[in-house]
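Biologist: I would like to learn how a model of this kind is read, feature by feature. Could we begin once the sequence and structure are in view?

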Amino acid sequence: MTSPEEHLMNWLRDAHAMEKQAETMLSAIAGRLEHYPELKARIEAHLQETRVQSDMLISCIERRGGDSSTMKDLIGRFAAMGQGVCGMMASDEVIKGAMAGYAFEHVEVAAYKVLIAAADHCGDPETSAVCQRILQQEMVMGNWLAEHMEQVTLAFLSRSAANEPARI
Ligand code: MG
Ligand code: FE
């Protein structure tokens, strides 16, 4: 038997690992982007949010009596997802990156909805409030990517048709 409190703790740890992976992916993409300044700026802004999210999750874990010193073991759990972004060398990597980013934000949205429900069930309004705050940031980022998919695609197509070097 696993108690709701144990599940909540595991899911907080999973979310922390997810944010660490997000940090890796976002900084890799932001560092490579040259020709999409608006996308780069938005990714850099979300990278800052992501670092704070990670710290807020640690606070929730510690406040609930969890040990955050073992967290390193869990980082990498989301590595497979990250490779879809970081390992990409295709000429259309900005497009693949935007698609993967959109998908990742929505996985985050789902994870925080689960955490909010579990925190509410466990009577932990502080964890619930933290997760609601993070959820908003993930939704805003996911929506931003959706709203800019056309712009990024058209910019990519125009660069590609003009035979611009494949640097993204
Ligand atoms: Mg996040
Ligand atoms: Fe995010």
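Biologist: How are the donor residues of the iron ion (ligand 2) spaced in sequence?

Modeller: Please keep in mind that this is a predicted model. A spacing pattern names each donor residue by its letter and gives the number of residues lying between one donor and the next; for the iron ion (ligand 2) the pattern reads H-x58-E-x2-E-x29-E. The residues behind those letters are His46, which donates through NE2, and Glu105, Glu108 and Glu138, each donating through OE, at 2.1 to 2.3 Å from the iron ion (ligand 2).

Biologist: What arrangement do the four donor atoms around the iron ion (ligand 2) make?

Modeller: The angles that the donors subtend at the metal decide this, and four donors count as tetrahedral if all angles lie between 85 and 135 degrees. Around the iron ion (ligand 2) the angles run from 77 to 164°, which makes the arrangement irregular. A caution belongs here, because water is not among the atoms and sites may look incomplete.

Biologist: Which parts of the chain do His46 and Glu108 tie together?

Modeller: His46 belongs to helix 2 and Glu108 to helix 4, which covers residues 93–121, so this pair ties together parts that are 62 residues apart in sequence. Both His46 and Glu108 are buried.

Biologist: Which residue bridges the iron ion (ligand 2) and the magnesium ion (ligand 1)?

Modeller: The bridge is made by Glu108, and the two ions that it bridges lie 3.1 Å apart. For the magnesium ion (ligand 1), the protein donors are listed as Glu19 (OE), Glu19 (OE), Gln53 (OE1), Glu108 (OE) and Glu138 (OE), at distances of 2.0 to 2.4 Å. Their spacing in sequence is E-x33-Q-x54-E-x29-E. Within this site, Gln53 in helix 2 (residues 37–63) and Glu138 in helix 5 form a pair that links distant parts of the chain, 85 residues apart.

Biologist: Are Gln53 and Glu138 buried or exposed?

Modeller: A residue is called buried when its relative accessible area is under 20%. Gln53 is therefore buried, with a value of 0%, and Glu138 is buried with a value of 0% as well. Gln137, which is found in helix 5, also counts as buried, at 19% relative accessibility.

Biologist: Which residues is Gln137 in contact with, leaving aside its neighbours within four places in sequence?

Modeller: With those neighbours left aside, Gln137 is in contact with His46, Glu49 and Gln53. Of these, His46 is among the donors of the iron ion (ligand 2), while Gln53 is among those of the magnesium ion (ligand 1).

Biologist: What does Leu135 touch, not counting residues up to four places away in sequence?

Modeller: Leu135 lies in helix 5, and on that count it touches Val109, Tyr112, Lys113 and Ile116. Leu135 counts as buried because its relative accessibility is 8%. A C-alpha separation is another way to relate two positions, and for Leu135 and His106, 29 residues apart along the chain, that separation is 9.8 Å.

Biologist: How does the span that helix 5 should have compare with the distance between its end C-alpha atoms?

Modeller: The reasoning takes 1.5 Å a residue, so that the 37 residues of helix 5 (residues 125–161) should span 54 Å, and the end C-alpha atoms, 53 Å apart, agree with this. The end-to-end figure should be read beside the local geometry, for helix 5 has a kink of about 45° centred on His148. Asn163, which follows helix 5, has a positive phi, near 60°. For helix 4 the same reasoning gives 42 Å for 29 residues, and its end C-alpha atoms are 41 Å apart, which agrees; Gly123, which follows helix 4, has a positive phi, near 65°.

Biologist: How many helices and strands does the protein chain have?

Modeller: The protein chain has five helices and zero strands, and its elements run α-α-α-α-α from the N terminus on. Of its 168 residues, 44% count as buried. Among contacts between residues at least 6 apart in sequence, 81% join residues at least 24 apart.

Key. Residues numbered from 1 in each chain as written. Chains lettered and ligands numbered in written order. Predicted model: local features only at pLDDT ≥ 70, side-chain atom pairs only at ≥ 80, totals over all residues. Heavy atoms only, no water. Helix = DSSP H or I, 4+ residues; strand = E, 2+ residues; numbered from the N terminus. Expected span 1.5 Å × (residues − 1). Bend = angle between axes of the 7 residues up to and from the residue. Donors = N, O, S within 2.8 Å, 3.2 Å for Na, K, Ca; no water. Buried < 20%, exposed > 50% of the residue type's maximum accessible area, 1.4 Å probe, protein only. Contact = heavy atoms within 4.5 Å. Tetrahedral: all angles 85-135°; square planar, octahedral: opposite > 155°, others 65-115°.
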